[in-house]
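Biologist: Before any term is accepted, I should like to see the value behind it set against its criterion. Please take me through the model in that manner.

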Amino acid sequence: MSKRTSNTTLKSDSNARGKTTPTSSSSLNASQFSSSATSSSSSNNSSGVISLNFKSLCFYLSPSIPETEREKLRKIIKTRGGSLSLEENADEVTHIISVDMEFAKDEYLKFLNYSQLHGEKSLVEHQAEKPDRFIVSPQFIYNSVNNSENNGYGMEEKYLLCYPFVFCDFVFTCTNKVATLMPSIAFMVEYLGGKFMPQFDKEFSRTYTHIISSQDDTETEWARYENSNILLLSIAWLKECFTKRAYIDEKNYLVGKYLPTYSLQSNFKSKNVFSNHSFIVINYPPTFISSLQRAICIAGGRVIHNKAVHENSKVDYLITRYAYPYEGSFMVQHVTTAQWVDDCLRENKIIDTNAKAIYTPLKSNTPIPEFEGIKITVTGFKDIERNDMAYLIKQTGALYTGDMSKDNHYLIVNSFSNTENSKKVKKANEWGIPMLKKEFIFDSIAEWRLIDIEPYLIGGDSKKRKHNNHMVHNQSISSEEMRKKKKHSKVFQLSIPTIQENRCEEIIRQLGGTVVNDEQDEACHGSVTHLITSEIKRTHKFMRACAKGGWILEPSYLDRSLETNNFVDEEEYEWNSNEFTSKGMWHGIPRKWRLYREKNKHGPFHCWVVYFNVTSSNSPLNILSDTIKAGDGTVVTTLNSNVTLAVVNDNAKAGDSDITKKIKRLEIPAVPISFILDYFKEKETPSLEQYRLF
C-alpha cells in the first residue's frame, strides 16, 4: 500500500451484502424466480391502488431470461410505471435484468475501465448526473413490487447479480476431499470474482492463492504447494464469504497439516477493526485504490461498489487524497485519507479522524506555489511520525531532505527540549537556518499557503534566525521572483547536429544551466525542462518533451541568451506556427502540449493505464512507454481490469489470440500505435473512436 504499512497488502473492490443460494452453473436458473411473480403482482394491490414504484426507471431484459419469464417481468414493469428498452446500451437504461453472471462481470469491469479512462471525477460525480446501470436478478422486480412503499431505486445492492471484486486476482483450486462439491465451489468462487482451476497443476503452483478442502482435513500438507503465501481453507470459509459477500477472516478456517505460523501473527491482527463500517475510496492511483479497498475488506469493512452509489447512499468514510466536491452525491459521515486507514489497521482500532493533520485531505491536487524551491528537513521524529512529516512536506511542493546542509531553508523540530543537542539543531544555529514547530506545516496545509513563520520559531540565535527568515520568506512569497530564480536552474537536452553540440553545451553551462546527455540515467531525463532542437521531428526526445509539457526551443534561443549573458524569455523562440513539415507534423505541437499542462496541471495521458500487445513495430516500445509516463500515464505489463487502453498490432482483431479476446471481453479500447504517435503530429487531438480497432 505505502511505506507506512507493514501488513495491509490484500485488496478488494466490493464488499456488498446479500444472500444467494449457490448452484452448479455460472448462470442462475430463471425459473426459481417465477413462483413469486404472479402472487407478487396481485397480492400487493389488495387496496386496488397500483403503486408506480418504477416511475423514471428504464429496464433492459437480458436474452438470458426465458421468454415466459420476460412476459411476466414486462407486465409488472409497465404496470408499475417503468419503461422498457430494446437496446442494452441505450442512454436511458437504468437497470439490466439478467441471470447471466458472466455478463454482469463484464459489465462491471467495463464500468471500471470507463472510470479510470475518464478520471476519478466519474466515480462520484457521474453518479449524480445519471444513474449507473444496475445489473440485478429478476427477484429485484418481484420484491420491489411486494414493497410498494419503496420506489425500488436504492435497494439494488441486495439483488446485484454478482460481486466480482471480493476475490479479484485470487486463484482457487480444491483438494480431492471436496471433489464432489467442485461445481458449487467453482460457482461461489467465480460469483465473487475469483478464478477457479479444477485441477491442481504443480507447474503453476505459485499462481494459486487459495486451496479449498474439507473442514476435517488434517492430512493435506501445506508444504506440497511450494508457495509460502498459499492458504489451505475449509469449504465453510468459502460459504461464509459467499453468504456475506465479503472476504472473511481466514484464521478460524485454516485446515491441513503443519499450519504455517506466519498466518497466525501479523496477517490477522486487524481483521475486524472496520466491521459494520462502509467506505468509498477515490482520488488515488487505480492500483493503490485496489490495494486499499482489499485491506479495508480484509479488516471487516464494506467497500461500496461505485455501481451502488446514488444520491441516497449513506457512507461512513470517504477516503480521498485531496478535497472533493462530493456534496449532493451521497451522504458521508467522515472524510479522511489513506493514512488514517493505515493507522487504524496498525493500532487495531478506529481512530478519531481529527487526531492527526495527515488524516485531513489536502485542499488541492496541485502544490502550494510559494513552497516551490524550498528545502525542508526534520529532527526529533521517529518511524511513522517521521514518514508522515516527510509526506506532508512533499505535498506542499517543498523539497524534503533527509540530511541537512546550508541550502536548507527550514528545520522542523518535533520537541526542542529533546532535540536541542542534536546535530541538526547545532548546525541550524551555526548556519542561521530557522527552526520551526511542526504546526507550521500543518497550518500552511490547512490554509494552503506559505504562512508567516514568526509564530512558529523556536530556539537558536533569534537575530540571525529572523534575518535568514526574512530573506527566505521574501524569496518564497513572490511567485514572480520565484520564476526569476528558476531561470538559473534550467535543465537542457539537445537534439541538434553533433557539430553544434559542444558550443551549445558551453553556452548553457556558462549561463548557469545544466545539460543532460543521452548516456545519463532515466532520473536525469525526467528533470529536463528545455529541449533545444533544430527541426520538428517525432524523436524520442521530442515526444517525451511534448508529453511532459516542457519548452521546445529553436537553437537561436541560446545565441540570444549568450548575447544578453542571461537566459532570455522562452516564448519568442518556442517552436510554434501553423506550418507543417514535409511529413505532415504540425509546428504548433510543442506549444499546444506545454499550454495543456500549464492549464490542467497534468499531462495528456493522465489517468491512462496502458497495456502493450505489439509484436511488430517500427517504433520501439520503450520509447512509447517512456512517452506515456512523461505524460503522467501508467504502463503495465499485466492485462487486467485496471487497464484503460490496449495498444495492439495495426491490423489486430479481437479473435486473433487469447490476449485480444480478453481485451475484447473486458471492453478495453484497442488501438494501433499510430494513436499514440499522432498525439505528436496532428493539429487536432486524436479521437479514440476513430482509431479504435475493437
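Modeller: In this predicted model, four strands form an open sheet in the order β22-β21-β23-β24, with parallel pairing.

Biologist: What makes β22 and β24 the edge strands?

Modeller: Each of them, β22 (634-636) and β24 (670-671), pairs on one side only.

Biologist: How do you know that β23 and β24 pair?

Modeller: Pairing requires at least two bridges between the strands. Strand β23 (residues 645-648) and β24 are joined in the parallel sense over 2 bridges, so the criterion is met. Within this pair, Val647 has Val671 of β24 as its bridge partner.

Biologist: Which helices pack against these strands?

Modeller: Helix α22 (residues 658-665) packs on the sheet and touches β21, β23 and β24. Its direction makes about 150° with that of β21. Helix α21 (residues 621-630) lies across β21 (609-613) and β22, and runs at about 175° to β21.

Biologist: Why is the arrangement of α10 and α13 called oblique?

Modeller: Helix α10 (residues 383-396) and helix α13 (residues 439-447) pack at an angle of about 40°, their axes 10 Å apart. Angles under 35 degrees count as roughly parallel, and 65 to 115 as roughly perpendicular. The angle of about 40° falls in neither range, nor is it over 145, so the two helices are oblique to each other. In handedness, α10 passes α13 in a left-handed crossing.

Biologist: Which residues bring α10 and α13 together, and how do they divide by class?

Modeller: From α10, Met389, Leu392, Ile393 and Thr396 meet Ile441, Phe442 and Ile445 of α13. By class, this contact has 6 nonpolar, 1 polar and no charged residues. Thr396 belongs to the contact and counts as polar, because threonine is in neither the nonpolar nor the charged list.

Biologist: Where do α18 and α20 stand in angle and distance?

Modeller: The axes of helix α18 (residues 540-548) and helix α20 (residues 589-600) cross at roughly 35° and come within 7 Å. Phe542, Cys546, Ala547 and Lys548 of α18 make the contact with Ile589, Pro590, Trp593 and Arg597 of α20.

Biologist: What makes 2 residues of this contact charged?

Modeller: Lys and Arg count as charged, and the contact includes Lys548 and Arg597. The division is 6 nonpolar, no polar and 2 charged.

Biologist: How do you know that Arg70 and Glu67 form a salt bridge?

Modeller: The limit is 4 Å from nitrogen to carboxyl oxygen. For Arg70 and Glu67 the N to O distance is 3.4 Å, so the pair qualifies. Both lie in helix α2 (residues 67-79), 3 residues apart, and are therefore separated by about one helical turn. The whole structure has 22 salt bridges.

Conventions: Residues are numbered from 1 along each chain as its sequence is written. This is a predicted model: local features need pLDDT of at least 70, side-chain atom pairs count only at pLDDT 80 or more; totals for chains, interfaces and linings use all residues. Side-chain values use heavy atoms; hydrogens and water are left out. Axes are lines fitted to C-alpha atoms, for helices over the stretch in contact, and angles run from 0 to 180 degrees between N-to-C directions. A crossing is left-handed if the near helix is turned anticlockwise from the far one by less than a right angle, and right-handed if clockwise. Contact means heavy atoms within 4.5 Å. A salt bridge is a side-chain nitrogen of Lys or Arg within 4 Å of a carboxyl oxygen of Asp or Glu.
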